[in-house]
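Reader: I am new to reading protein models. Could you take one part and walk me through it closely? Please tell me how far to trust the picture, too.

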Amino acid sequence: MDTTMKKLPAKPVDRKKQVAHWLIAIATIVIIVWSCTGINFGGIKATAGQIAGAIFSGIFHPDWSYVYNGSGEDLISQLWQTICIAFLGTFISAIISLPFAFWAAHTKHKHWYTSRIGKIVLAIIRSFPEIVLALMFIKAVGPGSAAGVLALGFHSVGMLAKLFSEAIENLEDGPNEAVVAAGGSKFHVIMFSTMPNLMPALISNTLYRFDVSIRSASILGLVGAGGIGYPLIIALQYRQWDRVGIILLGIIIMVVIIDWISGWIRKKLV
């Protein structure tokens, strides 16, 4: 190797970029500090340690008699109801989301504003949290599982349609052009080209959304929309920490099992 070879000149430092990065960092720190000043912190209560000890004692000494007693109000029955709410809400939203997905996909329209309007509509639907929707549907259909299904289904339309539209936009045009070249209509293109190629993404995204809906359904019960959340809030109000412990343990097991099953199915689809 030639030791007389000259070293490459150092890359010039972009001062403007450095200053921009420092300004962004300083602005972020200022915003965080300013946000903390708006928190009304009254200090830790004197009974916090006692309550925390009772909670941990209940979690590590759960009420095993609540697991199943045949009354329909036990842990297994409530967890099954939660799974049914999440499944039905996700299944309904997956069907309703398809037309919205084609509306929002820019590759399916000649004019850019058509898909843009669809994306805005989906953003509006997603802006409503499940808790707010559950409270609204409780006023309409009463407390129970029906309100939970409607709340999850309405919110999931915005999420699933967005994921479906992105999958549609990522599809290649080759199979569609082959169907058209063979004399197929737009309906034939959708049925024999778009949908078969889109199906793995649809199933994968639906399973992912079902996984998220399981967690959401557990929370919706806190406001009376059915599922495991209702007995959890009752146990918390009456400070039945052993009951809280077994419910939390059941939720953890349910979420882990559903996550493992949906992950295994998604891997088979890839």
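Author:
**Two helices and their surroundings**

In this predicted model, confidence peaks in helix 3, with a mean pLDDT of 91, and is lowest in helix 7 (residues 174–181), with a mean of 76. The protein as a whole averages 84. Of its residues, 94% score at least 70. Where pLDDT is low, the coordinates should not be read in detail.

So which part shall we look at? Take the place where helix 3 meets helix 8. Two packed helices are described by the angle between their axes and by the distance between those axes. Helix 3 covers residues 75–104, and helix 8 covers residues 186–220. Their axes come within 9 Å. They cross at roughly 145°. The crossing is right-handed.

Now the residues that touch. Helix 3 brings Thr82, Ile83, Ile85, Ala86, Phe87, Thr90, Ala94, Leu98 and Phe102. Helix 8 answers with a list that includes Ile190, Met195, Leu202, Arg209, Phe210 and Ile214. Sort the residues of this contact by type: 13 are nonpolar, 6 are polar and 1 is charged.

Keep Arg209 in view. This residue of helix 8 takes part in the contact with helix 3. The side chain of Arg209 also makes a polar contact with the side chain of Glu130, at 3.3 Å. Glu130 sits in helix 5 (residues 130–141). Is Glu130 buried or exposed? Its relative accessibility is 15%, and the cut-off for buried is under 20%, so Glu130 counts as buried. Look at what surrounds it. Beyond its neighbours within four places in sequence, Glu130 contacts Ala151, Leu152, His155, Arg209, Ser216 and Leu220.

Next, step just past the end of helix 3. Glu169, in helix 6 (residues 145–169), touches Ala104, Ala105, His106, Thr107 and Lys119, leaving aside neighbours within four places in sequence. One of these, Lys119, is joined to Glu169 by a side-chain polar contact of 3.2 Å.

Finally, go to residue 75, where helix 3 begins. Leu75 is among the contacts of Ile247. The others beyond four places in sequence are Tyr66, Ile228, Pro231 and Leu232. Ile247 belongs to helix 10 (residues 241–269). Its relative accessible area is 0%, so Ile247 is buried. How far apart are Ile247 and Tyr230 in space, C-alpha to C-alpha? They are 11 Å apart, with their positions 17 residues apart in sequence.

Notes:
Residues numbered from 1 in each chain as written. Predicted model: local features only at pLDDT ≥ 70, side-chain atom pairs only at ≥ 80, totals over all residues. Heavy atoms only, no water. Axes fitted to C-alpha atoms, helices over the stretch in contact; angles between N-to-C directions. Helix = DSSP H or I, 4+ residues; strand = E, 2+ residues; numbered from the N terminus. Left-handed = near helix turned anticlockwise from the far one by under 90°. Contact = heavy atoms within 4.5 Å. Nonpolar A, V, L, I, M, F, W, Y, C, P; charged D, E, K, R; others polar. pLDDT = per-residue confidence, 0-100. Buried < 20%, exposed > 50% of the residue type's maximum accessible area, 1.4 Å probe, protein only. Polar contact = N/O pair within 3.5 Å; in protein donor to acceptor, adjacent residues only side chain to side chain.
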